[in-house]
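Below is a short briefing on one chain and its ligand, arranged by topic. Please read it beside the sequence and the 3D view.

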Amino acid sequence: MHKSTIRQGKKRRAGKKTRLVELGITLDPWQKAVYDSVAPVMILRASRQAGKTTVLAAVAWKAMTIGKTVLILAPNFKQALLLIGHMPRGKKQSEITHESGGKILAIAADEVGSRGYTADVLIIDEAAHLDAEIFRIVRPAVAATGGRIICATTGTRSRTWIDLLSTRTDAQIITVPWNDCPRITHDHIEDARRMWGDAYVAREYLEEPKSDIMSSCQLSGHLNPNLWVPYQARRGPALA
Ligand SMILES: Nc1ncnc2c1ncn2[C@@H]1O[C@H](COP(=O)(O)OP(=O)(O)OP(=O)(O)O)[C@@H](O)[C@H]1O
Ligand SMILES: [Mg+2]
């Protein structure tokens, strides 16, 4: 299957002071689909550790290098920084600028100073943990730019606002169960199942029939509400 590599080991200057090293990884097929997508709204539902934060960081990085302003929102500051930290192995900071004029701003959702930002791309990591009110406050950041909104979630809490967002007819929903991630082993999943049961595995790792990920990405180019159903049906009680 075709894979895309983000240029290995190439150094790039982002801003005057920060020297950054791009990711030296080969994107999984679903990550490539996320990376290449131009959907105005993207909702990425993926297993724990599938590589959500990594691909969001790659998307942010790409947008920044072509002069876009990217606003990253994550539930806490550490997570927001992690998203930046996934790209460069250099300084972790809440803002990266690029010679193209693009920049990435990472803010914690609980610092709702989230008013007053304007962005070409709004990225929300761990979206299921983001309060609906914060989304309402931050969404206008793309009002004047017609910018994109990209959300990633494992889905441990109420997704009310994500469900609403997914009703946009131009929303692209990409679903990535654990077995679409080559790094997550069957043994790891069975161990989790033994300790915490099916509901936990379904919630944290997404259990859905193994798909041909490239065709499922194409199919999800437009809203397909059925994509939500299997997972919702299996949602169990909150983890104690
Ligand atoms: N395409 C890839 N090739 C190799 N390693 C990868 C790839 N994508 C992600 N990883 C690695 O897998 C691990 C998990 O990635 P990441 O943190 O992005 O996952 P996540 O889905 O955000 O996890 P979590 O659910 O815990 O937030 C990291 O060590 C990351 O570097
Ligand atoms: Mg993550």
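Strands β9 and β10 (residues 148-153) run parallel and are joined by 4 bridges. This pairing belongs to a predicted model, in which strand β9 (residues 121-124) has the highest confidence in the chain, at a mean pLDDT of 95. The notes below start from these strands, then turn to the ligand, helix α2 and the chain as a whole.

**Strand pairing**

- Across the β9 and β10 pairing, Ile124 has Cys151 in β10 as its bridge partner.
- Strand β9 also pairs with β6, again in the parallel sense, over 4 bridges.
- Two residue pairs place β6 against β9: Leu73 stands opposite Ile124, and Ile72 has Ile123 as its bridge partner.
- Ile124 therefore takes part in both pairings, with Leu73 on the β6 side and Cys151 on the β10 side.
- Strand β6 pairs with strand β8 (residues 103-108) as well, in the parallel sense and over 6 bridges.
- In that pairing, Leu73 stands opposite Ile107 of β8.

**Burial of the strands**

- Which faces of β9 are covered? Both are: Val121 and Ile123 are buried on one side, and Leu122 and Ile124 are buried on the other.
- Strand β6 (residues 69-74) has 6 of its 6 residues buried, so the rest of the structure largely encloses it.
- Thr69, Leu71 and Leu73 point one way from β6, while Val70, Ile72 and Ala74 point the other way; all are buried.

**Ligand 1**

- How many residues surround ligand 1? The shell has 15 residues, and the closest are Arg48, Gly51, Lys52, Thr53 and Thr54.
- Two elements, β4 (26-27) and α2 (52-65), give two or more residues each to this shell.
- The largest share, 3 residues, comes from α2.
- By residue class, the shell around ligand 1 divides into 7 polar, 4 charged and 4 nonpolar residues.

**Helix α2**

- The 14 residues of α2 should span 20 Å at 1.5 Å a residue, and the end C-alpha atoms are 20 Å apart, which agrees.
- Of those 14 residues, 10 are buried, so α2 is largely enclosed by the rest of the structure.
- The buried residues of α2 are Lys52, Val55, Leu56, Ala57, Ala58, Val59, Ala60, Trp61, Ala63 and Met64.
- Lys52 is thus buried in α2 and is also among the residues closest to ligand 1.
- Gly67 follows α2 and has a positive phi, near 90°.

**Chain as a whole**

- The chain has 8 helices and 11 strands.
- Buried residues make up 41% of its 240 residues.
- Of the contacts between residues at least 6 apart in sequence, 75% join residues at least 24 apart.

**Confidence**

- The mean pLDDT of the chain is 73, and 65% of the residues reach 70 or more.
- Where is confidence lowest? Helix α8 (residues 229-234) has the lowest value, at a mean of 28.
- Over residues 1-23 the pLDDT stays under 50, and the model has 46 contacts beyond four places in sequence for this stretch.
- Residues 88-92 also have a pLDDT below 50, and this stretch has 11 contacts in the model beyond near neighbours in sequence.

How values were computed: Residues numbered from 1 in each chain as written. Chains lettered and ligands numbered in written order. Predicted model: local features only at pLDDT ≥ 70, side-chain atom pairs only at ≥ 80, totals over all residues. pLDDT = per-residue confidence, 0-100. Contact = placed C-beta atoms within 7 Å. Buried ≥ 20, exposed ≤ 12 C-beta atoms within 10 Å, placed from the backbone. Near = placed C-beta within 6 Å. Nonpolar A, V, L, I, M, F, W, Y, C, P; charged D, E, K, R; others polar. Expected span 1.5 Å × (residues − 1). Pairing = 2+ DSSP bridges.
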